[in-house]
Amino acid sequence: MVVLTEFAMLVILTTITTLAVAQTKPEYEYSNGNSTVTVPKSQVESIRALAEQSNKSSAERCCDSNKGEGGNSTKRKEKRQAECSTPCFWISWCPYFVLSLSQVSANPVCCLHPTVTGLAGVADLCCEEYQLCV
């Protein structure tokens with residue numbers, strides 16, 4: 001029979017909880033001083049939709065480190081998106097346009113910016129309304 005101490009049980013429970021949380025929250029990768037964010041492939045389409053809903057532009061970029069801009073097609077943006085395996089979104093403007101909870105709905109893509117989600121109530125709103133839980 002194995003007898004576990006209270007401390008051992010606490011360590012096991014903490015590990016299980018940490019693993020569960022890590023699996024439920026998507027990983028966002030920030031670069032260039034939080035000016036761009038790369039999102040999981042499963043969320044790219046929903047983030048594109050939020051970017052379109054935002055009053056300010058959230059230009060989508062290709063964050064592949066080994067890819068260039070690609071051809072001179074009239075549908076250059078669509079071509080870049082098709083060739084890009086790591087799309088990312090420009091969000092450096094967010095802390096200047098979303099200063100409070102009431103301004104999130106005008107620029108919901110800003111739920112991806114860590115400074116914005118640090119504002120009172122914003123992280124909860126973003127998680128509940130836009131399913132962007134950071």
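**Figure 1. Exposed and buried sides of helix H6 in the predicted model.** Asp124 and Glu128 are exposed on one side of H6, the side away from the buried residues. The helix spans residues 122-130, and its buried residues are Val122, Cys126 and Tyr130. These three cover an arc of only 40 degrees around the axis, so they lie on the same side of H6. An α-helix has 3.6 residues a turn, so residues three or four places apart point the same way. The buried residues of H6 pack against two helices, H2 (44-53) and H5.

**Figure 2. The segment after H6, at Gln131.** Gln131 comes just after H6. Its phi is near 55 degrees, a positive value in a residue other than glycine.

**Figure 3. Surroundings of Thr117 in helix H5.** Helix H5 covers residues 114-117, and Thr117 belongs to it. With a relative accessibility of 13%, Thr117 counts as buried, the cut-off being under 20%. A polar atom of the Thr117 side chain lies 3.2 Å from the backbone oxygen of Pro114. Apart from neighbours within four places in sequence, the residues in contact with Thr117 are Cys111, Val122, Ala123 and Val134. One of these, Val122, is among the buried residues of H6, and those buried residues pack against H5 as well as H2.

**Figure 4. The open sheet of four strands.** The strands follow the order E1-E2-E4-E3, and the pairing is antiparallel. E1 (29-31) and E3 (60-62) are the edge strands, each pairing on one side only. From one strand to the next, the twist averages 35 degrees. Strands of a sheet pair through backbone hydrogen bonds, either parallel or antiparallel.

**Figure 5. Strand pairs within the sheet, taken in the order E1-E2-E4-E3.** E1 pairs with E2 (residues 36-38) over three bridges in the antiparallel sense. In this pair, Tyr30 stands opposite Val37 of E2. E2 is also joined to E4 by three bridges, and these two strands run antiparallel. Here Thr36 stands opposite Trp90 of E4. E3 and E4 form an antiparallel pair, again over three bridges. Across this pair, Arg61 stands opposite Cys88 of E4.

**Figure 6. Helix H2 against the sheet.** H2 lies across two strands, E3 and E4 (87-90). The helix runs at about 25 degrees to E4. E3 is an edge strand, and E4 stands between E2 and E3 in the strand order. H2 is also one of the helices against which the buried residues of H6 pack.

**Figure 7. The aromatic pair Trp93 and Phe97.** The count of aromatic pairs comes to one. The ring centres of Trp93 and Phe97 are 5.9 Å apart and the planes stand at 75 degrees, so the pair is edge-to-face; planes over 60 degrees apart meet that description. Trp93 counts as buried, at 4% relative accessibility. Phe97, at 43% relative accessibility, counts as partly exposed.

Key
Residues are numbered from 1 along each chain as its sequence is written. This is a predicted model: local features need pLDDT of at least 70, side-chain atom pairs count only at pLDDT 80 or more; totals for chains, interfaces and linings use all residues. Side-chain values use heavy atoms; hydrogens and water are left out. Buried means under 20% relative accessible area, exposed over 50%, partly exposed in between (1.4 Å probe, protein chains only). A polar contact is a pair of N or O atoms within 3.5 Å; within protein, one must be able to donate a hydrogen and the other to accept it, and residues adjacent in sequence count only if both atoms are side-chain atoms. Contact means heavy atoms within 4.5 Å. The arc is that of the directions from the helix axis to the C-beta atoms. Rings of Phe, Tyr and Trp (its six-membered ring) pair if their centres lie within 6.5 Å; planes under 30 degrees apart count as stacked, over 60 as edge-to-face and the rest as tilted. Two strands pair if DSSP finds at least two bridges between them. Axes are lines fitted to C-alpha atoms, for helices over the stretch in contact, and angles run from 0 to 180 degrees between N-to-C directions.
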